Amino acid sequence: MTSFKGRLLFALITLIVLVLVGLGIIIGELVKSYYLNALHSRIEKEMNIVINQTEREPSFNELRSELFDELSGVLETRITILTEDTEVVYDSGRAISDVDHSVMLDEIDNSLPRPSNGIVRFPADTDDSSFYYISSVETGSESGYVVLAASFDNLENVYRQIWLILALTLGAALGMIIYIGARITNQYTKPIESATEVAIQLAKGNYKARTFEDRADETGMLSNAINILARNLQEMVSEQSVQQDRLRTLIENMGSGLIMIDKQGYIVLVNRPFLSFFHSKIEDVLNESYVDVFKNKQVNALAEEVFLTEQRVRKQILIEETLPHKHLEVYGAPIIGERSAWQGIVLVFHDISELKKLEQMRKDFVANVSHEVKTPITSIKGFTETLLDGAMNDKGALESFLHIIAKESDRLQMLIQDLLELSRVEQQGFKLTLSQVDVAELIEDVSVMMTHKASEKNINIQLDLKKPLMIEGDSDRLKQVFINLLTNALTYSYANADITVQSKKLKNSIQLQFIDRGIGMEKEELSRIFERFYRVDKARSRNSGGTGLGLAIVKHIIEVHNGEITVESEPEKGTIFTITLPLKVNK
């Protein structure tokens, strides 16, 4: 038995068996001793009867054999009377065999008792069931001895009965004790077994396990303590699980790449943004040496610097191994545990590609504005200086120069207006003046405005619009969009090439397409045409008076209407601008 209950029950049964066996032996011996003592006491009383009867006889030679034979038969003993010289004067010849009797008489002859010894018992060496008693006796003037011998053939049966009764009694008592002990043991060990099972379940991680609390003793206190421990562990694990989930969610969705390296240089923690930055798989990174994972020498150098100096390090690096290239700001810091124990380092990668792009756009914007402003100002200043130097006296030159100055001034004014308009559209808090607008009617008005310019290149503006096209929007801003798109179409279209504007009604929006058959664009230029000051044909657009800001303004106006604008183009085949506008602007 390996269970606590089995071992306890086995120990109790063993102890009870030993106690009962010992008790049975003691009781058996006591009963046996009591029986023998009672037997000996009875024979001694019989001896006294025989002595009294012998002393009444006149002499040993005049003993009445019939009387002693009758007395021997009644007492079931063998009576032998000896003279002082150990001569047998009477022998009843019963109860004991003659051979055994002769042997015993020889032993008695060798050690006759004194008269003062009273009745002396001699054990029969020949037979355990035979007993001899001898006592001195006087008859008349003669002295002699009376020997009383008794044989108990049923003594062994009596002993067997005594042991059988003891065995049955003690066996029944043992059975009852075992049954009651098992019940009591089960009653007291059941809470312990339940508490043990709950403890095993807790060790396996099942913190919902509970035990019964139906007692007020020590086992009940144990069960209560186990349940309190289980509840505390469940709360701790639950709280720890929540904290781990929060930490894991934070790490995985922090937007910055994070990697943790232990003190041996192996990567032990990595998040998804890092894998995305370096186009890696977690199985190729986790538990690998950072030297083998980082192919960029700058990252390796930064990690080594943190390991060597144990100081925080911040650097900006360019990752050229990925496309497109990424600008990353890497922050490295040592991990110091309790008692200043060195545990490794942590590296955080912030993607600053957009910031770099915005910074470059700002630089390009400043450079482009400077360049765009410089050209008309240089022209105005040059022609003004020429006029001041004497050319004003030449009426033809004066008029020509003044026209050029006015043209450059108009160009400069247009540039400043577009810059202000772009700034106004892009600024935070820009609001539309919303109303119900018929887009088809608005495009028709714009096409009428463009008729004169279109006629200069013999271009027809064809409108394929489904009326009405009612949406929620800012009429003035949408009109500005349509003007810019038609102006671009006219500017970059060949002569005699028509421009088409067509519409399509969708479920929750409308779609407009501005189609021209002009010079078109290369595929790599399509992603940049909405940038400020970007021109496909710089020389031609500048000569046409364009500022390079029109499409940037268009894109922002469409976006604040929750719309979308896309472009498709092929060189020498034309361009298609597609605008999708929702029926209602979500504020």
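**Exercise 1.** How are H12 and H14 oriented to each other: parallel, perpendicular or oblique?

*Solution.* Note that the model is predicted.
Step 1. Find the helices. H12 covers residues 439–449 and H14 covers residues 475–492.
Step 2. Look at their axes. They come within 10 Å and cross at roughly 50°.
Step 3. Apply the cut-offs. Under 35 degrees counts as roughly parallel, and 65 to 115 as roughly perpendicular.
Step 4. Conclude. H12 and H14 are therefore oblique to each other. Their crossing is right-handed.

**Exercise 2.** Work out which residues in H12 and H14 meet, and sort the contact by class.

*Solution.* Step 1. List the H12 side: Val439, Leu442, Ile443, Val446, Ser447 and Met449.
Step 2. List the H14 side: Ser475, Leu478, Lys479, Phe482, Ile483 and Leu486.
Step 3. Sort by class. The contact of H12 with H14 has 9 nonpolar, 2 polar and 1 charged residues.

**Exercise 3.** Describe the largest nonpolar core and place Phe514 in it.

*Solution.* Step 1. Start with the members. This core has 38 residues, and Phe482, Phe514, Phe577 and Ile579 touch the most other members.
Step 2. Trace the elements. Those giving two or more residues include H12, H14, strand E15 (509–516) and strand E17 (574–582). H14 gives the largest share, 7 residues.
Step 3. Zoom in on Phe514. Leaving aside neighbours within four places in sequence, its contacts include Ile443, Phe482, Leu486, Phe577 and Ile579.
Step 4. Look elsewhere. A second, separate core has 26 residues, among them Tyr290, Leu302, Val330 and Leu347.

Conventions: Residues are numbered from 1 along each chain as its sequence is written. This is a predicted model: local features need pLDDT of at least 70, side-chain atom pairs count only at pLDDT 80 or more; totals for chains, interfaces and linings use all residues. Side-chain values use heavy atoms; hydrogens and water are left out. Axes are lines fitted to C-alpha atoms, for helices over the stretch in contact, and angles run from 0 to 180 degrees between N-to-C directions. Helices (H or I, at least four residues) and strands (E, at least two) are DSSP runs, numbered from the N terminus. Angles under 35 degrees count as roughly parallel, over 145 as roughly antiparallel, 65 to 115 as roughly perpendicular and the rest as oblique. A crossing is left-handed if the near helix is turned anticlockwise from the far one by less than a right angle, and right-handed if clockwise. Contact means heavy atoms within 4.5 Å. Ala, Val, Leu, Ile, Met, Phe, Trp, Tyr, Cys and Pro count as nonpolar, Asp, Glu, Lys and Arg as charged, and the others, Gly among them, as polar. A nonpolar core is a set of buried Ala, Val, Leu, Ile, Met, Phe, Trp, Tyr and Cys residues joined through side-chain atoms within 4.5 Å. Buried means under 20% relative accessible area, exposed over 50%, partly exposed in between (1.4 Å probe, protein chains only).
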